[in-house]
Amino acid sequence: MSEPKISMADLEHIAKLARINLSESEKTTFLPQLESVLEYLDVLNQANVDNIEPTYRVNDQKNVLRNDEVVESFDQKTALSTAPKTQDGYFVVPGTIRK
Amino acid sequence: MDLKSLTISQIQELLFSKQISAVDIVKFYLQRIKKIDPQIKAFITITEKEALKQAEIIDSKIKKGESVGKLAGAVMAVKDIFLTKDIQTTASSQVLKDYLPQYSSTIYQKLIDEDAIIIGKTNTDPFAFGGSTENSGFFTTKNPWNLSKVPGGSSGGSAAAVAADLCQFALGTDTGGSIRLPASLCNISGLKPTYGLNSRYGITAMASSFDCPGVFAKNVADLALLTKITAGVDPKDATTIDNPVPDYSEILNNVDLKGLKIGLPKEYFIDPINTEVKEKVMAAAKLFQSKGAILVDISLPNTNLGIAVYYILVPSEISANMARYDGIRFGRNTDNNPDITSYYMNTRGQYMEAEVKRRILIGTYALSSGYYDAYYTKASKVRTLIKNEFTNALKEVDVILAPVSPTVAWDIGAKANDPLQMYLVDAFTVCINVAGVPSVALPCGFNQENLPIGFQLIGNFFEESKILSIANQYQQFTDYHLQTPKI
């Protein structure tokens, strides 16, 4: 058996980075599932990629520019219509700075 | 009047000769949905009010002798990841339950502008993450050919709706096989276009360098008609390409099968392929041979790396795209959080489905410090190898023919608890997305249990005309696509 790819501490760390709260039962379910996926990914070690450039997009576009024109957009009411909580024309979020 | 199994042009003939009205058409499908969909569960939302309203407008235009759109009378189902203004769009996730978008996706709007009628929004794996609809935050769609089997996914609701004749055509998306796989398992036709042919604007983003919206229909001729309307540059999606869009319907028989070189990649005819699937797909190749085509054995040696490339790059893009679901501007939220970090963590923790979380976690891991080069950069380089393999092979042959799915539809639940086994169902579809080339999936027979089998025709970039023409000719020689499930 090789070293596990991912420990419980790693899983908790990436869940925090991804801003996802995991229950204890999710952690115990996900850990072996992620381990088996990550082990599978080792198949890429077969590939020889010396001198190969990476592909980040499949077509050859470079910058796609447009004219900077003022166009009609949502009014404030429409823009806020999907927010779970608003006040005085703003989105409401919990405090980000401590008093 | 029984409208079952009619294609778009057949239904339009009845409409324009005034044998039926658009309202009759809508009522026919609404009635079928009410009768049949409780067994299939293809739809999350049925848009009865909108459909009848659209139909009345079309009928009044016809009555007054005014011109109507190219899709007048055609009834469509829309995968629930396409934003539809003022119509609930859930992405089949609890995250977006009750979400009413303020705007519509481009290609949906293009179809509506041509008088297509929306009949409902269809089930999918949440945010299109999956291959069976079993990951849906609401319910699992059943395969109309056998209700104990999955319809395939992620666009399983759309495919099942077309197969069960609950609509005439449907919208889907294909990031790793999500149009072709369910088309194949449900015995209908589906097109995964070249990346950049159809606009991604207004569709919940999964993996932005892979996502390809496209259509399902009862035959290839309808795919051609619809793709002419959906395709083309969109200023709101900078990755769409400003090429002229051919009239695919006009050139449906243009490719001469005589002397056509069809490549059979050996890596697509070995394990894990099922024997009956292999036989039927080879029979399709032999049919082309009998019409004068030349079968050429080819090799795409990096095929076995496709799933690994896909499950590094796609979750990486997912982890970035899913950051927008913060519970602030849209989607559901949680209360009583002391600070913004716990607001994010609790909201995302509570509403995201397990597969959504898994993919974000895999992507976050692959992109995290110390792993980036080993995973993301390496996979992006192998992506180059796979893309070059396709473009090089397509210099030697005109088109590539391959199975879509290694197996027929499997039992609901059989792979649901093993994410890796579920990922492997896309073994024969993902490389096409990794490369970005187009592929059309169509039916080619049934196994002994009467479950559908499909094959795909893969072309070079923007060769939709060619693959649709070859596929259309196949449907003129065969009647597999005319078979419908007994429900």
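Start by selecting B:Ala77 and B:Ala170, for in β4(B) it is B:Ala170 that serves as the bridge partner of B:Ala77. The strands and helices named on this tour are DSSP runs numbered from the N terminus, with helices being H or I runs of at least four residues and strands being E runs of at least two. Before going further, note that this is a predicted model, in which local features need pLDDT of at least 70 and side-chain atom pairs count only at pLDDT 80 or more, while totals for chains, interfaces and linings use all residues. Residues are numbered from 1 along each chain as its sequence is written, and chains are lettered from A and ligands numbered from 1 in the order in which they are written.

**First stop: strand β2 and its partners**

Widen the selection to residues 75-79 of chain B, which form strand β2. Strand β2(B) is largely enclosed by the rest of the structure, because five of its five residues are buried; a residue is called buried if 20 or more other C-beta atoms lie within 10 Å of its own, exposed if 12 or fewer, and partly exposed in between, with C-beta atoms placed from the backbone. If you look at the side chains, B:Val75, B:Ala77 and B:Lys79 point one way from the strand, whereas B:Met76 and B:Val78 point the other way.

Now add residues 169-173 of chain B, the strand β4, which pairs with β2(B) in the parallel sense over three bridges; two strands are said to pair if DSSP finds at least two bridges between them. Add also residues 117-122, the strand β3 of chain B, which is parallel to β2(B) and joined to it over five bridges. Within this second pairing, B:Ile117 of β3(B) is the bridge partner of B:Val75. To follow the chain from β2(B) to β3(B), trace it through helix α4 (residues 106-113) of chain B, and you will have followed a right-handed β-α-β crossover, a term that applies if, with the strands pointing away from the viewer, the path from the first strand over the helix to the second runs clockwise.

**Second stop: strand β9**

Which residues of β9(B) point one way, and which the other? Select residues 399-403 of chain B, and you will find B:Val399, B:Leu401 and B:Pro403 on one side, with B:Ile400 and B:Ala402 on the other. Five of the five residues of β9(B) are buried, so this strand is largely enclosed by the rest of the structure. Strand β7 (residues 261-265) of chain B runs parallel to β9(B) and is joined to it by two bridges, and here B:Gly263 stands opposite B:Ile400. Strand β11 (residues 452-458) of chain B, by contrast, pairs with β9(B) in the antiparallel sense over four bridges, and B:Pro403 stands opposite B:Phe455 of that strand.

**Third stop: helix α7**

Select residues 220-230 of chain B for helix α7, a mostly covered helix in which nine of the 11 residues are buried. Among the buried residues are B:Val220, B:Asp222, B:Leu226 and B:Thr230. The helix is followed by B:Gly232, whose phi is positive, near 125 degrees.

**Fourth stop: unusual places in the backbone**

In the loop between β3 and α5 (156-163) of chain B, select B:Ser154, which is joined to B:Gly153 by a cis peptide bond with omega about 10 degrees. The loop between β3 and α5 of chain B also holds B:Ala128, a residue other than glycine with a positive phi, near 70 degrees. With 28 C-beta neighbours inside 10 Å, B:Ala128 counts as buried.

Move on to B:Pro272, in the loop between β7 and α8 (275-290) of chain B, where a cis peptide bond with omega about 10 degrees joins B:Asp271 and B:Pro272. Then select B:Phe462, in the loop between β11 and α15 (464-477) of chain B, whose phi is also positive, near 60 degrees.

**Last stop: the side facing chain A**

How many residues of chain B are in contact with chain A? Show both chains, and you will find 56 residues of chain B in contact with 43 residues of chain A, two residues being in contact if their C-beta atoms, placed from the backbone, lie within 7 Å. Helix α12(B) gives the most to this side of chain B, with 10 residues.
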